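Visitor: Please take one part of this model and go through it closely, then show how the other parts are arranged with respect to it.

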Amino acid sequence: YDLVLIDPPYADASHAMKMLSKLLPPVLSDSASVVVETDSTLEPRLPFRLEKTRTYGATRISVFRSGL
């Protein structure tokens, strides 16, 4: 995949990030973008480079990039 949009229920976001950290790497292209929406108090962690993060009220949008 080249683009993945992730918008888990805010209460389950930490659990979703743990699962996706294992499941996503094998299926992403070398330059994939992963966009994650979470509660503004949560900083999502994925095994990719964080390119940018923005907070909009109670929502945080984080953009990760796979590969180099």
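Guide: What follows is a close look at one strand, and then at the elements joined to it.

The model is predicted, and local features are therefore given only at pLDDT of at least 70 and side-chain atom pairs only at pLDDT 80 or more, whereas totals for chains, interfaces and linings use all residues. Residues are numbered from 1 along each chain as its sequence is written, and side-chain values use heavy atoms, with hydrogens and water left out.

The part chosen is strand β4, residues 59–65, where helices (H or I, at least four residues) and strands (E, at least two) are DSSP runs numbered from the N terminus. β4 is mostly covered, five of its seven residues being buried, a word that stands for under 20% relative accessible area, with exposed meaning over 50% and partly exposed what lies in between (1.4 Å probe, protein chains only). Thr 59, which belongs to β4, has a relative accessible area of 18% and is buried. Leaving aside residues up to four places away in sequence, Thr 59 touches Tyr 10, Glu 37, Thr 38, Ser 40 and Arg 54, a contact being heavy atoms within 4.5 Å.

Two strands count as paired if DSSP finds at least two bridges between them, and β4 has such pairings with β2 and with β3. With β2, the pairing is antiparallel and extends over seven bridges; with β3 (residues 49–56), it is likewise antiparallel over seven bridges. Val 63 of β4 appears in both pairings, as the bridge partner of Val 35 and as that of Lys 52. β3 and β4 form a hairpin with two residues between the strands, in which Gly 57 takes a positive phi near 65 degrees.

From β2 the pairing can be followed on to β1. β2 (residues 33–39) runs parallel to β1, to which four bridges join it, and Val 36 of β2 is the bridge partner of Ile 6. In a regular strand the side chains alternate between the two faces of the sheet. Along β1 (residues 3–6), Val 4 and Ile 6 point to one face and are buried, while Leu 3 and Leu 5 point to the other and are not.

Together with helix α1 (residues 13–23), β1 and β2 make a right-handed β-α-β unit; right-handed means that, with the strands pointing away from the viewer, the path from the first strand over the helix to the second runs clockwise. The buried residues of α1 are Ala 13, Ala 16 and Met 17. Viewed down the axis of α1, these buried residues fall within an arc of 100 degrees, so they line one face of the helix, the arc being that of the directions from the helix axis to the C-beta atoms. Their cover includes β1 and β2, whereas His 15, Lys 18 and Lys 22, on the other side of α1, are exposed.

Taken from the N terminus, the elements of the protein run β-α-β-β-β. The radius of gyration, 11 Å, is close to the 11 Å that the globule rule gives for 68 residues, so the protein is as compact as a globular protein of that length; the radius is taken over C-alpha atoms, and the rule is 2.2 Å times the number of residues to the power 0.38. Buried residues make up 34% of the 68 residues, and among contacts between residues at least 6 apart in sequence, 51% join residues at least 24 apart.
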